[in-house]
Amino acid sequence: AVAVTGSSGVAAAAGLYRYLRDFCGCHVSWSGAQLRLPDPLPRLRAEIRAAAPGRYRYYQNVCTQSYSFAWWDWARWEREIDWMALSGINLALAFVGQEATWQRVYRSLGLNQSEIDAYFTGPAFLAWNRMGNLHGWAGPLPPAWHLKQRYLQYRIVERMRSLGMLTVLPAFAGHVPQGVLRVFPRVNATRLGGWSHFDCTYSCTYLLDPQDPMFQVIGTLFLKELIKEFGTDHIYSADTFNEMTPLSSDPAYLSRVSNAVFRSMTGADPEALWLMQGWLFQHQPGFWQPAQVRALLHGVPLGRMIVLDLFAESKPVYQWTESFYGQPFIWCMLHNFGGNHGLFGAVEAINSGPFAARRFPNSTMVGTGLVPEGIEQNDMVYELMNELGWRHEPLDLPRWVSRYAERRYGAANAAAAGAWRLLLRSVYNCTGVCVNHNRSPLVRRPSLRMDTELWYNASDVDEAWRLLLSAGAELGSSTAFRYDLVDVTRQAAQQLVSRFYRSIRGAFQSHALPELLTAGGVLLYDLLPELDSLLCSHSLFLLGRWLESARAVATSDREAEQYEVNARNQLTLWGPNGNILDYANKQLGGLVLDYYGVRWSLFVSALVESLNSGTPFHQEQFNQAVFQVERGFVYNKKRYPAVPAGDTLEISRKLFLKYYP
């Protein structure tokens, strides 16, 4: 037998996973687990001890709650918490169900239900309601939603704590519903500006003045209620100015705001620590000059705030703020925006970044973190980052990724390892400032000015596709292999869409109608349907899985319809009018054919019509027409299967034989 012990449940679980990974060749990830244990179990020659270089290994972005966790039940949460423990994560958000507590607080203050209903967004947009960006959009929240989420939160915090994780609870950031102004007409509150293409119908939240006595009353009341219900680990999260410009750049004002937020925490819990996302500093560097950053950070006693350097792999903030002017920080990998699909990574940056940050003069770094906006994509990057949280020096990446392929598929295979080394050096090795929004023409509203630039050599992905397919006979029974084959084939198909788009655009600009019809025809009637059927062959790439999980939370047909519209809108229009159009794009079976495909069909038809009639193509007119298609998709109620169909290997091979360059 092999004994694994640790200073906490998480440490023991991380030790167990290290044994399974390094000695038994096992692997656990979002897309599947490979747990074939050798018999007998390998014995260790000597005791192995490991200590992480930092106090914290943090997980979750405030946005992940909406982009990925929105419709989760307890079974899915339980799996995630197990994965967190095996990954050594010991600090994580516990944000579920907070609206039930807020509703009780607002009612006790004298707000009526219609004022509360006008404030909360629908379930798929709560992340931005909590940060004061949005109110009311796709809401209200039904009473059954509050009940079910509260019950989930009880189980989540109980399980996290039983494993020795520190739970981060939400706190009051200063934003209030408009109803507060009716009940307390003399309260000093000011409307912030609109957020991200939203006008004041659903945005422009009221922010209490930090010196108004109601700031402390509301903040402390909320936190006391929350602690009474769920207990506490004394760490709280609040974001007052996420992507919103403060009312004044006066350092004294900014210090007053952060001090008010912190005091409302200590009013309920004298031991409170404030965990704050540092996204705002790199998102609006024009506003957040050194004096403003220092003022906000120093409104809280040193050591009582932990800042998440949220996008440290690409735009680290600690370097230009003297290590956050003395406040502790966590070096975080953001990696993913909107839960987009698309192979992507900045492996060299994450393999060196945390070590450079620890060596920084007077560094206040206290750990590493994973903060993707959406999960269930690019497993390799997260496995790597989790391992780096325990390492004291960088890894040999080509060697590491070859071992990764072997563990993931449960067998050594030269072709698979070769494929992964190609992906590592190309698509996973973005250097410089890399922002991973999938901008492929496939998932964007068509126009004649689309970006098809890549940060990598496309032929490396094509070759990795060939190598993976050649390993299919040997590795085809592995669930993770099938997932990766879909993902790499999908990436190659996405590259092909760009190629056909360039042909379509070129043909249109040179008035070559036959070439336009040929390229458009292949794209619309072969490539996109084939890609859709490929995605339909794997459960993790199904639109139906996302929509049915939303409907499953409902307790009535009316709720089911509301939740489904929430789920569809988030993937597509992101707002009533395409306010953040396609930000959360996904490549899902059903979505490619019935949303992206229909848009492309309309675009090609418009170009053909333009050449035939000799009238110019008007983007604005096209946008109005295509908006009807997009909106139609959000409300069309078509049901999609949540069970895969078709053979992944066969479909990938068919695509390969037709399209491999």
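Start with the two domains of this predicted model: their C-alpha centres lie 32 Å apart. To see them, colour residues 56-396 as domain 1, then 441-453 plus 476-659 as domain 2.

Next, select the contact between them: 34 residues come from domain 1 and 32 residues from domain 2. Switch on a surface here if you like; domain 1 and domain 2 bury about 2800 Å² between them, with 57% of that on carbon and sulfur atoms.

Now for the side chains. How many salt bridges does the count between domain 1 and domain 2 give? The count is 1. Pick arginine 545 and glutamate 376 and show sticks: their side chains meet in a salt bridge, 3.3 Å from N to O. Polar contacts between domain 1 and domain 2 come to 16 residue pairs, both residues at pLDDT 80 or more.

Stay on the side of domain 1 that touches domain 2, and highlight helices H2 (64-67) and H7 (143-162); each supplies at least two residues there. H7 gives the most, with 3 residues. Colour that side by class and you get 18 nonpolar, 12 polar and 4 charged residues.

Then bring in the annotations. Select 57-391, where UniProt (unreviewed entry) places the domain "Alpha-N-acetylglucosaminidase tim-barrel". This stretch is 41% helix and 13% strand, and its end C-alpha atoms are 12 Å apart.

Last stop: residues 2-42, covered by the UniProt annotation "Alpha-N-acetylglucosaminidase N-terminal", also a domain from an unreviewed entry. Here the chain is 34% helix and 15% strand, with the end C-alpha atoms 8 Å apart.

Conventions:
Residues are numbered from 1 along each chain as its sequence is written. This is a predicted model: local features need pLDDT of at least 70, side-chain atom pairs count only at pLDDT 80 or more; totals for chains, interfaces and linings use all residues. Side-chain values use heavy atoms; hydrogens and water are left out. UniProt positions are given in the numbering used here, feature names are shortened, and annotations may be inferred rather than shown by experiment. Helices (H or I, at least four residues) and strands (E, at least two) are DSSP runs, numbered from the N terminus. Domain bounds come from an automatic or database domain assignment. Contact means heavy atoms within 4.5 Å. Buried area is the accessible area (1.4 Å probe) that two parts lose on being put together, summed over both. A salt bridge is a side-chain nitrogen of Lys or Arg within 4 Å of a carboxyl oxygen of Asp or Glu. A polar contact is a pair of N or O atoms within 3.5 Å; within protein, one must be able to donate a hydrogen and the other to accept it, and residues adjacent in sequence count only if both atoms are side-chain atoms. Ala, Val, Leu, Ile, Met, Phe, Trp, Tyr, Cys and Pro count as nonpolar, Asp, Glu, Lys and Arg as charged, and the others, Gly among them, as polar.
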